[in-house]
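Hi everyone, thanks for having me. Let's take a friendly walk through one protein chain together, so please have a look at the sequence and the structure on the screen.

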Amino acid sequence: MIDNENNEPEGVRLQKVLAHAGVASRRVVEDMIVQGRIRVNGETVHELGRRIDPEVDLVDVDGTAVQLDVSKRYVMLNKPTGIVSTMKDEQGRPDLREFTDEYEERLYNVGRLDAETSGLLILTNDGELAHVLAHPKFGVTKVYIARVDGKVAPQTIAKLTKGIELEDGPIKADKARLLDTSGGTSLVELTLHSGKNRIVRRMMASVGHPVRDLVRRQFGPLHLGTLPVGRSRELTKVERGELLTLSRATQDETPREGEK
């Protein structure tokens, strides 16, 4: 690219951009280019002199997106129960501000967990990614573990994946499995892409097993892991890459059947 007025190349060399993004040294990035491992806007780069606009161009290495905009912040929170998923609650209940105040950027939650549910919540200032992750039409999966009343039978697990009828329409789990049964309760894992309000609680109540405790363990490619309740951490470079890859790929996909 040449600037017409100054007759100088526009943009920044790709290896410099990726080195600044923490991918690898410039020399290693040059080797990656030669090996055909880097794409810009979906096209494999072969020229070592390739220049890009970091604010516009999309880059991926080995199929994983690279975060070039260093102003974007991505945080994982293990939300405690009793906290509402909003930045300011009109009723004065404890909200997410106590977890976002420590960050310089103005962060917002991606989607919601009801006050009685704990677990993985994403906080970010990346509005485009937040839209993809939260909007039901993109079908990003979430994994929940629920402690429910009673002994859940195999037939009930099958029913959850086959589909049940709720007051706002039919719903089914992508996956369901029984993890444990003891002391008059059962531990059930549900994988869903639905974004409907209190969906896990309503599904389990409809099959006769009200939820006692509920935690979200996974959101898209992110796993809660050993992050303690009430603690937050920034996503790793790998996790950020996985999220951005999912966001870019999902936007090009057709929404799931039945979701508009």
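In what sense do S9 and S15 pair, parallel or antiparallel? S9 and S15 pair in the parallel sense, over 2 bridges. One thing to keep in mind as I talk: this is a predicted model.

Let's stay with S15 for a moment. On the S9 side, Ser 118 stands opposite Val 215 in S15. S15 also runs antiparallel to S10, and 7 bridges join these two strands. Here Lys 142 is the residue opposite Phe 219 in S15. These two residues have another link: the charged end of Lys 142 sits over the ring of Phe 219, 5.6 Å from its centre.

Now follow S15 into the next strand. S15 and strand S16, residues 222-223, run antiparallel and are joined by 2 bridges. Phe 219 turns up again, this time opposite Leu 222 in S16. Together S15 and S16 form a hairpin with 2 residues between them. In that turn you can find Gly 220, which has a positive phi of about 55 degrees.

Next, a separate sheet. It is an open sheet of 4 strands in the order S3-S2-S5-S6, and the pairing is antiparallel. Which strands stand at its edges? They are strand S3 (43-44) and strand S6 (64-65); each has a single partner strand, so one side of each is left without a neighbour in the sheet. Further in, S2 (residues 38-40) and S5 (residues 59-61) pair over 3 bridges in the antiparallel sense. If you want to find that pairing on screen, look for Val 40, whose bridge partner in S5 is Val 59.

Let's move to the nonpolar cores. The largest one has 32 residues, and the members that touch the most other members are Leu 96, Leu 160, Leu 190, Val 200, Met 203 and Met 204. Several elements give two or more residues to this core, among them strand S10 (142-149), helix H5 (154-162) and strand S15 (211-219). Which element gives the largest share? That is H6, with 4 residues.

Take Leu 160 as an example. Leaving aside neighbours within four places in sequence, Leu 160 is in contact with residues including Ala 173, Leu 190, Met 203 and Met 204. There is also a second, separate core, of 19 residues, and its members include Tyr 74, Leu 120, Val 215 and Leu 222. We met Val 215 and Leu 222 earlier, opposite Ser 118 and Phe 219.

Now a residue in a loop. Thr 86 lies between strand S7 (74-79) and helix H3 (97-100). Is Thr 86 buried or exposed? Thr 86 counts as buried because its relative accessibility is 17%, and the cut-off for buried is under 20%. Not counting residues up to four places away in sequence, Thr 86 touches Asp 95, Leu 96, Asn 109 and Arg 112. A polar atom of the Thr 86 side chain also lies 3.5 Å from the backbone nitrogen of Lys 88.

Last stop: Glu 10, in the segment before strand S1 (12-13). With 35% relative accessibility, Glu 10 counts as partly exposed. What is the distance between Glu 10 and Asp 53 in space? They are 8.2 Å apart, C-alpha to C-alpha, with their positions 43 residues apart in sequence.

That's my tour, thank you for listening!

Technical notes:
Residues are numbered from 1 along each chain as its sequence is written. This is a predicted model: local features need pLDDT of at least 70, side-chain atom pairs count only at pLDDT 80 or more; totals for chains, interfaces and linings use all residues. Side-chain values use heavy atoms; hydrogens and water are left out. A charge sits over a ring if NZ of Lys or CZ of Arg is within 6 Å of the ring centre and within 35 degrees of the ring normal. Buried means under 20% relative accessible area, exposed over 50%, partly exposed in between (1.4 Å probe, protein chains only). A polar contact is a pair of N or O atoms within 3.5 Å; within protein, one must be able to donate a hydrogen and the other to accept it, and residues adjacent in sequence count only if both atoms are side-chain atoms. Contact means heavy atoms within 4.5 Å. A nonpolar core is a set of buried Ala, Val, Leu, Ile, Met, Phe, Trp, Tyr and Cys residues joined through side-chain atoms within 4.5 Å. Two strands pair if DSSP finds at least two bridges between them.
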